[in-house]
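Reader: I would like a close look at one part of this model. Please start with the core, then follow the chain outward to its charged pairs.

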Amino acid sequence: MNMRKTVKRNAKNAMRTKYGRSIVMIMLLMGINILFYLMDAIITQALQMPIFDGIEAGMTPSLIKDINISIPLVIGNIVIVIFYALVMSPLYHGVSGWFYRVVGGENCEIATAFNFFESAKLMTKSWGAAISIFLRKLFYTILFSIPGAAVTGIGLYYKKISMGDYDHNRFVLAISLEIVGICILVISSIYLFIYFKKYSLVKYLINKHKNIKAREAIKLSCKITKGEKGKIAVFDLSFILWFILCILIIPILYVFPYYMTSKALYSKVLIERYYMEHQQKNEENSDIDENMKESSENISMEN
């Protein structure tokens with residue numbers, strides 16, 4: 001808890017001298033998101049049709065077969081999503097790198113946010129990291145959702161058949177299974193929220209080590225966050241009240257720079273501490289090796 005308070009206090013101090021630029025960074029991210037939203041709205045308006053043509057309020061399942069899917073609009077939305085990912089991944093890595101350098105005492109220009117657009121290698125690295133993390137999260141989400149979804153599905157099935165020919169015991173069993181299934185899903189969601197924090201340092205490690213590969217950054221992030229994932233999750237949750245204030249819109253210009261700065265500083269502390277402990281361990285091992293070597297030489301001289 002003391003570490004969280006210290007990080008937040010130091011983050012505020014770091015943000016004071018770079019507050020104007022940090023707002024520019026956040027507005028840059030927000031502006032790109034709004035731009036893609038407008039592009040999606042324009043395409044939808046241009047085609048003048050919903051994705052599923054024929055959906056109306058109160059449509060019964062028997063009418064689902066009559067739905068005409070708007071293929072052009074589906075393709076248009078897929079293109080926008082792909083283009084969005086191709087742009088936002090390098091940009092987000094660049095913005096995260098800007099905050100990471102600022103908390104380290106560097107005087108960074110706004111242009112730092114576009115560092116990952118400078119070469120195809122850097123862009124590919126950001127895309128590779130984003131895709132790899134997405135696929136890993138998708139896999140674990142599906143894996144941990146199966147038990148809860150299965151139990152809930154069985155409960156819904158028993159509930160359906162018990163309503164036709166009402167059976168009190170079967171109905172109680174169905175409700176119980178639904179509750180158990182929902183509880184399993186909630187517990188799985190909480191666990192995954194914590195578990196996925198193992199990837200939270202990847203974007204900072206890629207900024208810190210320009211030659212590191214995406215796969216190596218993910219592996220190193222998992223090592224550094226071992227035993228720290230719960231603390232990272234609690235740190236993120238400590239900003240919930242701040243994000244609730246964002247409903248008022250104006251506080252966004254303070255909350256998001258504050259959160260990004262705090263997140264970068266917290267990550268920097270974890271990374272630097274890991275390297276210090278690793279270096280200390282290597283030095284201790286080196287001393288042990290030297291002592292063993294000296295002991296062996298002394299024994300040899302005695303013999």
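Which residues in the largest nonpolar core touch the most other members?

Author: This is a predicted model. The largest nonpolar core has 51 residues. Those that touch the most other members are Val95, Phe99, Val202, Leu205, Ile206, Ile224 and Ile271. Helix H3, residues 71–103, gives the largest share of this core, ten residues.

Take phenylalanine 99. Leaving aside neighbours within four places in sequence, phenylalanine 99 is in contact with Ser22, Met25 and Ile26. Its other contacts are Pro257, Met260, Thr261 and Ala264.

Now take serine 221, in helix H7 (residues 214–224). Its relative accessible area is 0%, so serine 221 is buried. Not counting residues up to four places away in sequence, serine 221 touches Lys198, Tyr199, Ser200, Leu201, Val202 and Leu205. Val202 and Leu205 are also among the core residues that touch the most other members.

Next, the charged pairs. The count comes to five salt bridges. In one of them, aspartate 236 pairs with lysine 197, with the closest N and O atoms 2.7 Å apart. Aspartate 236 is in helix H8 (residues 229–237), and lysine 197 is in the loop between H5 and helix H6 (202–208). The two are 39 residues apart, so this pair links distant parts of the chain. Aspartate 236 is buried, at 8% relative accessible area. Lysine 197 is buried too, at 13%.

Aspartate 236 also forms a salt bridge with lysine 263, at 2.9 Å, N to O. Lysine 263 lies in helix H10, so the pair ties together parts that are 27 residues apart in sequence. Lysine 263 counts as buried, at 7% relative accessibility. Lys197, Asp236 and Lys263 are thus linked in a network of salt bridges.

Another salt bridge joins glutamate 228 and arginine 273, with the closest N and O atoms 2.9 Å apart. Glutamate 228 is in the loop between H7 and H8, and arginine 273 is in helix H10 (residues 252–302). They are 45 residues apart. Glutamate 228 is buried, at 11% relative accessible area. Arginine 273 is partly exposed, at 31%.

Last, the surface. A nonpolar patch there has about 930 Å² of accessible area together. Its members include Ile182, Phe193, Leu237 and Leu241. Helix H5 (168–195) and helix H9 (240–245) each give two or more residues to the patch. The largest share, five residues, comes from H5. Leucine 241 sits in helix H9. Its relative accessible area is 63%, so leucine 241 is exposed.

How values were computed: Residues numbered from 1 in each chain as written. Predicted model: local features only at pLDDT ≥ 70, side-chain atom pairs only at ≥ 80, totals over all residues. Heavy atoms only, no water. Core = buried A, V, L, I, M, F, W, Y, C linked by side-chain atoms within 4.5 Å. Buried < 20%, exposed > 50% of the residue type's maximum accessible area, 1.4 Å probe, protein only. Helix = DSSP H or I, 4+ residues; strand = E, 2+ residues; numbered from the N terminus. Contact = heavy atoms within 4.5 Å. Patch = residues over 30% accessible without salt bridge, like charges linked within 9 Å, V, L, I, M, F, W, Y side chains within 5 Å. Areas by Shrake-Rupley, 256 points an atom, 1.4 Å probe, with all protein chains shown as cover. Salt bridge = Lys/Arg side-chain N within 4 Å of Asp/Glu carboxyl O.
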